[in-house]
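Please open the model in your viewer and keep the selection panel at hand, since each stop of this tour begins with something to select.

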Amino acid sequence: MENNKLLQIMDLCVTYKTQEGLVHAVNNLNLEISDKETLGFVGETGAGKTTTAMAIMRLIPCPPGKIEKGKIFFEGEDLLKISDRKMRKIQGKDISMIFQDPMTSLNPVMRISEQIMEMILLHKKINKKEAYAEACKLLELVGIKKERADDYPHQFSGGMKQRVVIAISLACSPKLIIADEPTTALDVTIQAQVLSLMKDLKDEFGTSMILITHDLGVVAEICDKVAIMYAGSVVEYASKEKLYLNPSHPYTKGLFNSIPKLDTDEEFLEEIDGLPPEPTDVISGCAFNPRCPYCMERCEKEKPGITYLDKEHYVCCFLYENK
Ligand SMILES: Nc1ncnc2c1ncn2[C@@H]1O[C@H](COP(=O)(O)OP(=O)(O)O)[C@@H](O)[C@H]1O
Ligand SMILES: [Mg+2]
């Protein structure tokens, strides 16, 4: 394993047992992220993005969820093998997570100062007064006046609540922040503000980040690398520049075509035909083959492996094999 890899996921498989059958939410997923890097994790609803994030945090509800196999190396140690106690030390301190809906992370009956202090006191050996001062500093950092430290979550707007959540996620200077659609629940104008705050803080603290989103505009704004996910696997991975210049997987091309173009009057977006597979379907061959305009006979039978188009760009598609 290379040393500058902060996180490396190998062959991760996660399933959920449901009444309709076994859902293969994550299928042989491979992914890595280096120090100080921001990875955009893009895909449609149901692609397995949240499940991957929860697996890293070891928060998959079990049952119905189960990590069937795989390794998740964080700073050289497999998170799936360490003790619960050690994992709790890593959660929040080394890796923190920001969820889509800030209310999932905030306790409605606790003052926000207390919630930030709780995280600080859990991981740092300082007294309450010092923790309170740190909480105020963190609030100012995310653009909330310290006079509001003793307010309750309901006294804040959605965007402000998400700022509080960001302050909590930064409380222990984590090495990695996993942000799961952190702005999807917010108004569009507020989204931009919160994203630019996250970008500034990430640059200032040198934190690595996995940013889960279905919005390629957000990726363009913040990310260094991009992983495109389809039906539980990464189908294309590249630096942002290479992906935007040369989107290669038919699914990625479809995603780019479905972005509204500002310079035309087109009312309709060219969307990707068809629907993602049913979660319980087991598709033979490439998972995208039923929707793929370039589908060949072998795509229905064999799963494509990784083909490197460039040093920092790979795609899982037979179109590029032996090229
Ligand atoms: N707790 C759960 N129980 C059963 N199925 C689940 C559960 N959580 C997620 N799934 C299923 O796993 C698949 C991946 O979901 P998810 O990871 O939430 O995708 P995404 O975040 O990309 O929208 C979906 O088919 C979803 O229905
Ligand atoms: Mg999700």
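The tour goes from a pair of strand pairings to a ligand and then to a helix packing.

Bear in mind throughout that this is a predicted model. Begin by selecting strand E1 (5-18) and strand E2 (21-34), which form a hairpin with 2 residues between them and pair in the antiparallel sense over 10 bridges. Within this pairing, pick out Lys 5, which stands opposite Ser 34 in E2. Now keep E1 and add strand E4 (residues 65-74), which pairs with E1 in the antiparallel sense over 8 bridges; here Cys 13 stands opposite Lys 69 in E4.

Next, select ligand 1 and the 16 residues that surround it, of which the closest are Ala 25, Lys 49, Thr 50, Thr 51 and Pro 279. E1, E2 and helix H1 (49-56) each supply at least two residues of this shell, and the largest share, 3 residues, comes from H1. Colouring the shell by class will show 7 nonpolar, 8 polar and 1 charged residues.

Finally, move to helix H6 (residues 158-170) and helix H7 (residues 188-205), which pack at an angle of about 15°, with their axes 10 Å apart. Because angles under 35 degrees count as roughly parallel, H6 is described as roughly parallel to H7, and H6 passes H7 in a right-handed crossing. To see the contact, select residues including Gly 158, Gln 162 and Ile 166 of H6 together with, among others, Ile 190, Val 194 and Leu 201 of H7. The residues of this contact divide into 8 nonpolar, 4 polar and 1 charged.

Technical notes. Residues are numbered from 1 along each chain as its sequence is written. Chains are lettered from A and ligands numbered from 1 in the order in which they are written. This is a predicted model: local features need pLDDT of at least 70, side-chain atom pairs count only at pLDDT 80 or more; totals for chains, interfaces and linings use all residues. A residue is near a molecule or strand if its C-beta atom, placed from the backbone, lies within 6 Å of it. Helices (H or I, at least four residues) and strands (E, at least two) are DSSP runs, numbered from the N terminus. Ala, Val, Leu, Ile, Met, Phe, Trp, Tyr, Cys and Pro count as nonpolar, Asp, Glu, Lys and Arg as charged, and the others, Gly among them, as polar. Axes are lines fitted to C-alpha atoms, for helices over the stretch in contact, and angles run from 0 to 180 degrees between N-to-C directions. Angles under 35 degrees count as roughly parallel, over 145 as roughly antiparallel, 65 to 115 as roughly perpendicular and the rest as oblique. A crossing is left-handed if the near helix is turned anticlockwise from the far one by less than a right angle, and right-handed if clockwise. Two residues are in contact if their C-beta atoms, placed from the backbone, lie within 7 Å. Two strands pair if DSSP finds at least two bridges between them.
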